[in-house]
Amino acid sequence: MTNAILTTGASQDKSTRIKIATLWLLVMLNMIYADILAFVSAFITPGVIDTLMSGYSGSVKLTQELLLVSAILIEIPIVMIFLSQCLSYRLNRLCNLVAVPLTFLFVLGGIETDPFYLFLACIQLTLLLSIAWMVIRWRAPEAAVLSTAQS
């Protein structure tokens, strides 16, 4: 009986990890697509290329520091695809509960008014909230509960 419980717990844990990693993948794909469409939009919107060439994106001055911070923040969803699969239960939950709000703020900070971007940002934010909800509701695998109880 205990072996069946352990197998079920491990199976549910693996399933949860796969779902979380898949949601992070969907966040990342939507971020990539939003960036691709932003490049296309820049070419079809008069004056945007000139503004970018002068070192600005809208009213934001583009600097190497800003680009570095953006690169670091975009790396979060990329690395979470992998970490969601391999970290221990406790560390996995912690990393996800830190990564979700950071990524959420990154998406909000990049909000543009173009309809395509607003649509994709809503998708990204919904996916991030889904990750947070899943992680909050995720319970320790049975093996971890049993080993803790036996200690």
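Start by selecting Trp 24 in this predicted model. Skip its neighbours within four places in sequence, and show what else Trp 24 is in contact with: Pro 77, Met 80, Ile 81, Ser 84, Asn 96, Ala 99, Val 100, Thr 103, Leu 128 and Ile 131.

Keep Trp 24 on screen and add Ile 20, Val 27, Val 100, Val 107, Leu 128 and Ile 131. These are the residues with the most contacts inside the largest nonpolar core, which has 23 residues. Now colour by helix: H1 (2–44), H3 (64–86), H4 (89–109) and H5 (115–137) each supply at least two residues of that core. Which helix gives the largest share? H5 does, with 9 residues. As a rule, nonpolar side chains in soluble globular proteins tend to be buried together.

Next, select H5 by itself. Its buried residues are Tyr 117, Leu 120, Ala 121, Gln 124, Leu 125, Leu 127, Leu 128, Ile 131, Ala 132 and Val 135. Then put a distance between its end C-alpha atoms: they are 33 Å apart, and this agrees with the 33 Å that the 23 residues of H5 should span at 1.5 Å a residue.

Now zoom out to the whole protein and switch to cartoon. You'll find 6 helices and 2 strands, and reading along the sequence gives the pattern α-α-β-β-α-α-α-α. Of the 151 residues, 27% count as buried. Among contacts with a separation of 6 or more, 77% are between residues 24 or more positions apart.

Last stop: turn on the surface. The accessible surface comes to about 9700 Å², and 70% of it belongs to carbon and sulfur atoms.

Methods: Residues numbered from 1 in each chain as written. Predicted model: local features only at pLDDT ≥ 70, side-chain atom pairs only at ≥ 80, totals over all residues. Heavy atoms only, no water. Core = buried A, V, L, I, M, F, W, Y, C linked by side-chain atoms within 4.5 Å. Buried < 20%, exposed > 50% of the residue type's maximum accessible area, 1.4 Å probe, protein only. Helix = DSSP H or I, 4+ residues; strand = E, 2+ residues; numbered from the N terminus. Contact = heavy atoms within 4.5 Å. Areas by Shrake-Rupley, 256 points an atom, 1.4 Å probe, with all protein chains shown as cover. Expected span 1.5 Å × (residues − 1).
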